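Here are my notes for someone opening this one up for the first time. Have the viewer at hand and go through the points in any order you like.

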Amino acid sequence: MSERKSGDEAQGWDAAWATRRRPSSRACALARALVLVVAVLSSVGDARAAGRDGARDRAPAASVGATVLPARSLPGPEPVGLTVADVPPHVFPRRRPPEGAPNVVVVLLDDVGFGASSTFGGPVETPHLDALARGGLRYNRFHTTAICSPTRASLLTGRNSHAVGVGAVLNTAQPWPGRAGIIGPETATIAEILRQHGYATAAFGKWHLTPDHEASPNGPFDRWPTSMGFEHFYGFLGGETHQFQPTLFEGTRPVVAPRGADYHVTADLADRAIEWVGMQRSLDPDRRFFLYLAPGATHAPLHAPREWIDRYAGRFDAGWDALRETIFARQKALGVVPKDAVLTPRADEMRAWESLDDEERRVATRLMEVYAGFLAHTDEQIGRVFDALREMEVFDDTLVLYVVGDNGGSGEGGADYGTWNEMGRIQGVVQTPAELLERLDDLGGPSSYPHYSAGWAWATNTPFPWVKQVASHLGGTRNPLVVSWPSGMRSRGGLRSQFGHVNDVAPTILEAVGVPAPVEVNGVGQKPMDGTSLVYSFDDAKAPERHATQYFEILGNRALYHHGFLASSRNRTRVPWGELTSEAAGTGREVWELYDLRSDFSQGRDLAATEPDRLRDLQLLFYAEAGRNQVLPISGRPAGESPVPALGAGRHEAVYHAGAVGLHESAVPDLKNVDHRIVADVVVPDRGARGVVATQGGVVAGWALYVTDDGRPAYVYNLFGKTWTTIEGEAPLAPGPAHIELRFDYEGPGWGRGADLRLRVDGKEVARGNLERSVPVFFSIDETFDVGVDTGSPAGHYPPGFPFEGRIERVVLRASP
């Protein structure tokens, strides 16, 4: 510790200071503060000695116990004190958006065609969407990317999907920058931007933007909703989920959905959204909120309460060709398509309704009834959210952007009559019409995992050609948009026909809020947004469109829109209902078409032969845009090849313990198409054990090692609901330690072969069985591996959840190299 200076030394220092050039008062204050700190340090242990000088003032005490310290006599304003009485408190301003900024709600439905809802002439009653449109605006030339993840990435970032690395669905990512499925910090989401301007942010429902290698509870969580601007998340990470027994996460934690006969995840999501907004209003009613509500409806599996399905009984008996004619007539009557629009013909690759036999028609008709019930039920749940906003008196000051589908209707249920199990069909496991007729009443219920035929998808995309995935044609890319903002728009019930794209959503929100697109977020420079705000069109139906150029590309299907013209080229080597396990990357010989969408609303008159020069210019412009946006190389391969190895890649053995739940299928050793062992060491209590020991998959497909209600060891293998093979021991497990082993001896080589099954307890075989076929590629894209409980839908014929009653020491998965 330095010694305190004598009074003469201090006076000499003051004199020397006075001869210097007088600094500013602010600099003096800082200097005095520094000197006082030095004085405090030098006077510790000898504070009373300061009184010997007789020339030093003491600062008054601000409160009981305040330390009184000497102050130097310095030139300038009054000496600075060191108590809280002398220093005004610092005000930390709360982040708030600009005055008059609205709340924002974005609703994104899944796999809904342009002509599905009654709002746009469709056969499914959507009264809440109708009401929203009457109070707002309908957009009939709005576009998506033609498939799930790319549309979501573009919507949330305001940029083209390939430009942010999401040119394919996340579960089929590929090792090129435009399809790697890795959204970087240079493309911040609208949620993050709004959050940094004081908005409360939450996402409910389908996410589908987390790469497989990050999709487990141990992270990394860089591309989970809560790391991309959303303060709260409740929903599912993958592209689909069982609607009655979903695989859910809250934040980054796996959670089990509420149980009950009346449970449906869409209703659950609506309830959670309403609760969240209510909490915001209770705690901070002046704070603005951003709500992103993206239910899994109406993506497969098509699940709806039975009473909603039965409302549509008999309505589709005339078939999809006739339905398309009916929808087209209603669309013209509503004015959502121009009077001179043409109804495009059915593609040669699609079946005519007349070509189906009676059994196929009965199955196909029921599946369309299921779909209609699913969409109608969804409208009811979204409507409850809007009603709640009205009851809270915030609806009028809320900008609602309701995108009716992330792409066109989906043809992934096959070209024939549909399927009991969507994931099985795309892996070559199908049920005959006769098999489905035996289970007709179960379609749409919890034991099914169904999808309708491509013919119905095409019908609900009226009047456009083709379906989801086909980015070259409007049946894949044109979706309705409904906008509502009672306090911000004068127009009510109008129609807007300016070209729009899903990347316009974020710029529209920013302009409405009054916030410019940032050049930097969290210290990272931002890529410019590609979208164009639609605010200019809110109160001017005749305003010239501002989004002049837009490329499209999915699985080799490509197109370019430019000033009213559309050049398009379909990948002719595959159809949207082809098996998604194909490794074929080619797209065949390019055949380009040209359409003038200014006079040809539905893409029905090809001008390629009459305007070859214009077509050539647009082709060149497409490749220029493709190069600029990371679209190249173009690939038609539907099978994925992750650029980052999954957690389970190359692992042949792993040990898990109780509490290991919510593990993505790719995060654990791959047990398909190989010999493998599932080994569990458990302790059975005196009262006996029951419940799931380990499981992977669910109703869609999967397996489970479990203990029955009466205490017997069992193993079940679910082949996409086509067969359920169960083997069980005859005797209950005895109290105490037990070593349970399932031996799966694969009958390869090749994919999806059969297997010999043997169940052993403490080294003794207790049951044996055989599989004729097995799952070739994947069990699901959302169900998980769990130890001690089944967090999603049950893989076997046991109750949902079915937690293990006993102690699990460890579970080992061991696959042959």
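## Notes on a predicted model

1. Start at the second largest pocket: 23 residues line it, and those nearest its centre are Phe 244, Ala 261, Asp 262, Tyr 263 and Pro 305. Bear in mind that you're looking at a predicted model. The pocket holds about 390 Å³ of space. Which helix gives the largest share of its lining? That's H7, residues 306-310, with four residues. Sorted by type, the lining has eleven nonpolar residues, six polar ones and six charged ones.

2. Now the overall picture. The protein has 817 residues, and 59% of them are buried. You'll find 15 helices and 30 strands in it. About 31500 Å² of the protein is exposed, with 52% of that coming from carbon and sulfur atoms. Take the contacts with a separation of 6 or more: 75% of them are between residues 24 or more positions apart.

3. For a simple motif to get your bearings, try the hairpin made by S6 and S7. Strand S6 covers residues 247-250 and strand S7 covers 253-256; they run antiparallel and are joined by four bridges. One pairing to pick out is Phe 249 with Pro 254 in S7. Two residues sit between the strands, and Gly 251 in the turn has a positive phi of about 70°.

4. Next, the cavities. How many of 30 Å³ or more are there? The count is five. The second largest cavity has about 60 Å³ of space. Its lining is made up of Thr 145, Asn 160, Ser 161, His 162, His 501, Gln 550, Tyr 551, Phe 552, Glu 553 and Ile 554. Strand S15, residues 549-554, gives the most to that lining, with five residues. By type, the lining divides into three nonpolar residues, six polar and one charged.

5. Helix H14 deserves a look too. Why can we call H14 largely enclosed by the rest of the structure? Because eight of its nine residues (the helix spans 505-513) are buried. Those eight are Val 505, Ala 506, Pro 507, Thr 508, Ile 509, Leu 510, Ala 512 and Val 513. Just after H14 comes Gly 514, which takes a positive phi of about 90°.

6. Please check the loop between H12 and H13, as a couple of backbone features turn up there. Pro 463 lies in this loop, with H12 covering 454-460. The peptide bond joining Thr 462 and Pro 463 is cis, with omega about 10°. Trp 466 is in the loop between H12 and H13 as well. Its phi is near 70°, a positive value in a residue other than glycine. Is Trp 466 buried or exposed? With a relative accessible area of 7%, against a cut-off of under 20%, Trp 466 counts as buried.

7. Moving on to H13, residues 474-477, you'll meet Leu 474. Leu 474 has 3% relative accessibility, so it counts as buried. What does it touch, leaving aside residues up to four places away in sequence? The list is His 143, Phe 464, Pro 465, Leu 566, Leu 597, Phe 601, Ser 602 and Gln 603. Another residue to compare is Arg 141: it's 333 residues from Leu 474 along the chain, and the two C-alpha atoms are separated by 9.7 Å.

8. Gln 603, one of the residues that Leu 474 touches, has a backbone quirk of its own. Gln 603 isn't a glycine, but its phi is positive, at about 60°. You'll find Gln 603 in the loop between strand S18 (592-596) and helix H15 (612-628). Gln 603 is also buried, with a relative accessible area of 3%.

9. Last stop, further along the chain. Where does Pro 749 lie? Pro 749 is in the loop between strand S26 (736-746) and strand S27 (755-761). A cis peptide bond joins Gly 748 to Pro 749, with omega about 5°.

Methods:
Residues numbered from 1 in each chain as written. Predicted model: local features only at pLDDT ≥ 70, side-chain atom pairs only at ≥ 80, totals over all residues. Heavy atoms only, no water. Pairing = 2+ DSSP bridges. Buried < 20%, exposed > 50% of the residue type's maximum accessible area, 1.4 Å probe, protein only. Contact = heavy atoms within 4.5 Å. Areas by Shrake-Rupley, 256 points an atom, 1.4 Å probe, with all protein chains shown as cover. 1 Å grid on protein atoms, 1.4 Å probe; cavity = no way out; pocket = protein on both sides within 12 Å on 5 of 7 lines; lining within 4 Å. Points joined across faces, edges and corners; volume = space filled by probe spheres on them. Nonpolar A, V, L, I, M, F, W, Y, C, P; charged D, E, K, R; others polar.
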